[in-house]
Amino acid sequence: MVAEVDDQINRFRFILKDVDAVPRFLHNFHNGGEIVKSATEILQGAGIVTTRQRVVLLDMLLRRDDHPDAERLLVEARVGMPSLSVDTVYRTLNLFVEAGVIQRMAVPTRRARFDGCTDPHDHFLCSDCETIQDIPRPSKRAAAIPAQVSACGVVSDVQTVYVGVCRRCAAQFATSEPRRAE
Ligand SMILES: [Zn+2]
Ligand SMILES: [Zn+2]
């Protein structure tokens, strides 16, 4: 399991090389591959009492860009904290979301997904494997809110999600589904 996590972190480092154009991501590997603020500093800055569980869970989210669900975080966090419960993970993630430390993603996935990067960016969701990839915005400035949207209510958050089939799944479909002769 630890090897698998290491593997993931290395993969993210690799991905980073391609995203130099990303506007400054505050506390994520996106920012040149290092975390600018530690999980402890972020929690303290948000006025959240630091506990080992909270620090570990936030740190896990800061070090990755796969936008995991609570169960995935639970499995990985249990390596170091065997008594951690799924309830605690959900409660902690909700606390983080309410404090604006992480974001709960507006994506049509089976389980809620979480993003440790709160700087504005968009996402590509694969409807087949449910991987979620970050897409930097060309401009840091938020797009203007259309009048029709404002007429519905006050906008507090805009999340753009492009839904489709990722390159890996598309390649698999291409090789695993040979066309039958009619
Ligand atoms: Zn996919
Ligand atoms: Zn993201």
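Which residues does Ile102 touch, not counting residues up to four places away in sequence? In this predicted model, they are Leu61, Phe96, Val97, Phe114, Asp115, Gly116 and Thr118. The points below cover confidence in the model, the surroundings of Ile102, a pair of packed helices and a sheet of three strands.

**Confidence**

- The average pLDDT of the protein is 81, and 76% of the residues score at least 70.
- Residues 5–29 have a pLDDT below 50, although this stretch has 41 contacts in the model beyond near neighbours in sequence.
- Where pLDDT is low, the predicted coordinates should not be read in detail.

**Ile102 and its surroundings**

- Ile102 lies in the loop that runs between α5 and β1 (103–104).
- With 21 other C-beta atoms within 10 Å, Ile102 is buried, because the cut-off for a buried residue is 20 or more.
- Leu62 is 40 residues away from Ile102 along the chain, yet the C-alpha atoms of these residues are separated by 8.9 Å.
- Phe96, one of the residues that Ile102 touches, also belongs to the contact of α5 with α3.

**Helices α3 and α5**

- Two packed helices are described by the angle between their axes and the distance between the axes.
- For helix α3 (residues 52–62) and helix α5 (residues 86–98), the angle is about 70 degrees and the axes are 10 Å apart.
- An angle from 65 to 115 degrees counts as roughly perpendicular, and α3 and α5 are therefore roughly perpendicular to each other.
- On the α3 side the contact is made by Gln53, Arg54, Leu57 and Leu58, which meet Thr88, Val89, Thr92 and Phe96 in α5.
- Sorted by class, this contact of α3 with α5 has four nonpolar, three polar and one charged residues.

**The sheet of β4, β3 and β5**

- The three strands form an open sheet with mixed pairing, in the order β4-β3-β5.
- Strands β4 (132–135) and β5 (161–164) are the edge strands, each pairing on one side only.
- On average, neighbouring strands of this sheet are turned by 20 degrees against each other, direction ignored.
- Strand β3 (residues 122–126) runs parallel to β5, and four bridges join them; in this pairing, His123 stands opposite Val161.
- The pairing of β3 with β4 is antiparallel and also has four bridges, with Leu125 opposite Ile132 in β4.
- The hairpin of β3 and β4 has five residues between the strands, and Glu130 in this hairpin takes a positive phi near 60 degrees.

Notes:
Residues are numbered from 1 along each chain as its sequence is written. Chains are lettered from A and ligands numbered from 1 in the order in which they are written. This is a predicted model: local features need pLDDT of at least 70, side-chain atom pairs count only at pLDDT 80 or more; totals for chains, interfaces and linings use all residues. Two strands pair if DSSP finds at least two bridges between them. Helices (H or I, at least four residues) and strands (E, at least two) are DSSP runs, numbered from the N terminus. Axes are lines fitted to C-alpha atoms, for helices over the stretch in contact, and angles run from 0 to 180 degrees between N-to-C directions. Angles under 35 degrees count as roughly parallel, over 145 as roughly antiparallel, 65 to 115 as roughly perpendicular and the rest as oblique. Two residues are in contact if their C-beta atoms, placed from the backbone, lie within 7 Å. Ala, Val, Leu, Ile, Met, Phe, Trp, Tyr, Cys and Pro count as nonpolar, Asp, Glu, Lys and Arg as charged, and the others, Gly among them, as polar. A residue is buried if 20 or more other C-beta atoms lie within 10 Å of its own, exposed if 12 or fewer, and partly exposed in between; C-beta atoms are placed from the backbone. pLDDT is the predictor's confidence in each residue, from 0 to 100.
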